[in-house]
Amino acid sequence: MRRIRAAAVGAVTLSLALAATACGGGSSTGGGSNDSPKTLTYWASNQGASVAVDKKVLQPELDKFEQQTGIKVKLEVVPWSDLLNRILTATTSGQGPDVLNIGNTWSASLQATGGLLPWDERNFAKIGGKDRFAATALGSTGAPGKDPAAVPLYSMAYALYYNKRIFADAGIAKPPATWDELVADAKKIKARGTSPLGAEGANLSENIHHVFVFAKQHGADFFTADGKPDFTDPKVVAAVKRYVDLMAKDKAIPAGDAEYAQNQSVSDFAKGRQAMLLWQSVAANLKSQGMSEDAYGIAPVPVISGKPGGGTQVNSAVMGINIAVFKNTHNLDGATKFVKFMTSDTEQKILNTAYSSIPPVTSAQSDPAFAAPATAVLKNTLATSAAALPQVPSESQFETAVGTAVKELFADAAAGRAVTTDDVRAKLEKAQQQMPAA
Amino acid sequence: MTTTALKEPARETSPGAAREPRRRTGRIRRLTLPYLLLLPALLLELLVHLVPMAIGIVMSFKQLTQFYIRDWGTAPWSGLDNYRVSVDFDAPVGKALLQSFGTTVGFTLLSVGLCWLVGTAAAVFMQDTFRGRGLLRALFLVPYALPVYAAVITWVFMFQHDNGLVNHVLHDQLHLTDKPSFWLIGDNSFYALLTVSVWKGWPFAFLIVTAGLQNIPRELYEAAALDGAGMWQRIRRITLPSLRPVNQVLVLVLFLWTFNDFNTPYVLFGKAAPEAADLISVHIYQSSFVTWNFGTGSAMSVLLLLFLLVVTGGYLLLTSRGRRAADA
């Protein structure tokens with residue numbers, strides 16, 4: 001009898017406990033607090049060649065922060081394939097990190113969810129003011145006219161990386177400055193049996209960064225001035241076709257690259273199997289894959305004609321990483337302090353050197369570490385010929401819809417099918433129909 | 001339980017009315033105890049299965065986009081709009097959903113059919129004892145025992161265009177194709193997906209059918225052999241009819257698993273599956289997570305749930321009626 005009673009009591013207790021946890025699982029949608037002032041959770045994006053490399057770079061800096069403030073930072077490096085999903089889940093549940101890195105192109109989308117702390121004058125004052133940051137970098141921190149959703153952390157730009165030996169063997173004296181030159185050089189390189197140019201045909205974000213620049217060079221935009229998608233504009237169609245034609249018509253990009261999505265083209269370049277690579281701030285990555293710095297040259301991304309600059313001479317998107325504070329943080333003061341630490345001149349120099357990126361903090365840019373010729377190209381591109389991707393709430397959806405369209409066009413080209421203007425328009429029309437109506 | 005229940009009324013007439021209330025509480029206690037013990041399991045079931053489903057159904061009536069995910073309560077109700085968008089087959093969203101649904105149905109039928117066929121054949125061949133049978137059986141179960149991600153990522157490497165094993169064998173060694181084929185993009189992706197799905201699914205069929213075969217009495221086979229039945233006839237007249245109840249469950253389970261499979265296409269193709277292999281689970285994932293419209297995604301999931309309920313119900317009804325007719 002006693003045993004039965006014990007069982008009954010146990011069952012009831014367990015049930016009550018379950019019911020209680022079920023009720024308690026709801027999200028708290030408060031605006032952040034200082035409940036746990038001694039710890040912080042930080043989600044870092046994967047900047048180095050691997051997650052392990054990032055941990056090695058970041059951990060000493062986090063230890064330094066702990067020494068200075070007594071706040072312990074729990075680091076998690078989140079791979080790119082998961083980062084946006086993780087942020088979405090955290091926003092939905094209210095349970096997330098205190099501080100996190102975001103791709104700067106997501107700023108406006110994530111800003112619209114209301115999950116990130118807005119950086120108004122008062123918050124900026126806590127980290128030394130808005131003026132410390134370069135204007136181009138601040139242009140990718142959220143929708144215009146709103147308080148930024150994040151603070152620039154690393155700035156990057158696309159450049160043309162080329163293998164010096166392959167160029168010399170093919171008798172090419174200088175890197176191509178226009179697309180026509182690139183196509184002509186590609187023919188010479190291909191004639192010698194080497195793959196000319198790498199691409200990540202199945203990587204949606206890479207596709208977007210490239211077609212965005214091509215659209216700019218064709219004098220077009222994917223969104224109208226009031227933020228509506230306009231993917232079927234004839235100039236946009238021509239721009240997307242120009243990029244896909246690098247594989248379909250010019251055969252500069254080998255067909256196999258159509259299924260690349262895990263940075264295989266970077267490995268191909270690092271191993272000397274491919275002459276050129278259009279990539280953002282890739283020096284540290286190439287080094288970790290065993291390519292010596294003397295083996296490759298770095299030049300601005302080609303334009304249609306003339307020299308890189310503003311307007312139709314844009315040759316890179318403003319790439320980079322922003323650091324944001326999660327609104328539901330339990331350590332608001334600590335999180336702000338951490339952002340201040342990460343954007344301090346000292347840390348900016350250390351981290352941007354480690355990741356071969358450019359500091360968005362202007363006072364750190366003048367450091368001699370960023371004056372090397374390779375970095376100079378990136379710095380110059382950012383300063384004079386880079387444009388911010390559309391800062392609209394539906395930017396993430398745009399990346400997916402148009403990125404998929406380009407992926408499918410590459411797949412067609414790889415299968416040997418002709419890619420006509422009508423094909424491109426049809427794919428882009430489908431992409432536009434998938435965009436949210438608002 | 002029944003015996004006590006029967007005895008109890010008889011005892012009530014017996015003297016000792018003072019002890020009556022206590023005895024009644026004792027009876028109540030004995031009657032309620034099983035339910036009490038079931039309660040934790042029931043609540044867990046509610047928590048793990050039914051509550052998320054109910055929330056999903058509620059979400060499908062809301063306009064849950066990126067502007068509202070932080071605080072679901074504020075998302076405006078949208079009535080049947082999400083459903084209307086999903087089943088409007090003239091508009092792009094509905095058309096894509098219908099196409100994905102068709103692909104999924106075709107894929108599921110082929111995959112379940114092949115899994116069952118290969119699994120059953122293997123189980124029948126393994127029925128007689130021979131040297132190395134245990135080893136082979138264990139080997140057959142490896143795909144089923146491997147973690148899905150590890151197994152599928154290996155297939156991704158094998159299906160690669162430039163240095164994949166599949167192209168190496170088909171093109172470089174056997175010269176079956178004039179140039180290396182793409183398996184992970186374009187139209188061939190359907191066959192790649194089917195291959196991996198069958199490779200991953202058939203060991204389960206093999207396992208279940210092997211278990212079912214243990215229950216068929218050896219005498220039946222011996223009697224049939226005496227009557228001069230060949231191997232094929234024994235399979236057709238004894239093995240398959242005896243396996244009927246096992247197969248009924250097996251096919252249903254395989255169907256539900258394959259139809260809902262998310263891991264395989266997701267690991268093979270990433271978030272944007274090629275049109276030829278755009279299975280409905282990934283499609284719904286794309287419609288909700290990637291485009292941040294959880295309302296429409298939920299509506300599609302509810303529609304999928306309804307479809308699977310109808311199919312399962314219809315299947316069970318048909319097969320059990322068929323069995324009753326056969327038994328009669």
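I'll start at Ala387 of chain A, Ala387(A), which sits in strand β11, residues 386–387 of that chain. Bear in mind that this is a predicted model.

Is Ala387(A) buried or exposed? Ala387(A) counts as buried because 20 other C-beta atoms lie within 10 Å, and the cut-off for buried is 20 or more. Setting aside neighbours within four places in sequence, Ala387(A) has contacts with Lys216(A), Val314(A), Ala317(A) and Val318(A). There is also a long-range pairing in sequence terms: Phe212(A) is 175 residues away along the sequence, yet the C-alpha to C-alpha distance to Ala387(A) is 9.2 Å.

Next, Glu66(A), in helix α2 of chain A, residues 51–69. Glu66(A) has 15 other C-beta atoms within 10 Å, and is therefore partly exposed. Beyond four places in sequence, Glu66(A) touches Ile71(A), Lys72(A) and Val73(A). Its C-alpha atom is 9.8 Å from that of Phe338(A), with the two positions 272 residues apart along the chain.

Now the cores. The largest nonpolar core has 159 residues, and the members touching the most others are Tyr161(A), Val211(A), Val240(A), Val244(A), Met247(A), Ala258(A) and Val402(A). Which element gives the largest share of this core? That is helix α17 of chain A, residues 395–414, with 10 residues. A second core, separate from that one, has 15 residues, including Ile208(B), Leu243(B), Leu250(B) and Leu254(B).

To take one residue from the main core, Val244(A) is in contact with Val406(A), Leu409(A), Phe410(A), Ala413(A), Val419(A) and Val424(A), again leaving out neighbours within four places in sequence.

On to the interface. How many residues does each chain bring to the contact? Chain A brings 39 residues and chain B brings 30. On the chain B side, α2 (20–59) and α13 (280–290) each supply at least two residues. The largest share on that side comes from α2(B), with 9 residues. By type, the chain B side splits into 20 nonpolar, 7 polar and 3 charged residues.

Last, confidence. Chain A has an average pLDDT of 90, and 93% of the residues score at least 70. One stretch of chain A, residues 22–30, stays under 50, and for that stretch the model has 10 contacts beyond four places in sequence.

Technical notes:
Residues numbered from 1 in each chain as written. Chains lettered and ligands numbered in written order. Predicted model: local features only at pLDDT ≥ 70, side-chain atom pairs only at ≥ 80, totals over all residues. Core = buried A, V, L, I, M, F, W, Y, C linked by C-beta atoms within 7 Å. Buried ≥ 20, exposed ≤ 12 C-beta atoms within 10 Å, placed from the backbone. Helix = DSSP H or I, 4+ residues; strand = E, 2+ residues; numbered from the N terminus. Contact = placed C-beta atoms within 7 Å. Nonpolar A, V, L, I, M, F, W, Y, C, P; charged D, E, K, R; others polar. pLDDT = per-residue confidence, 0-100.
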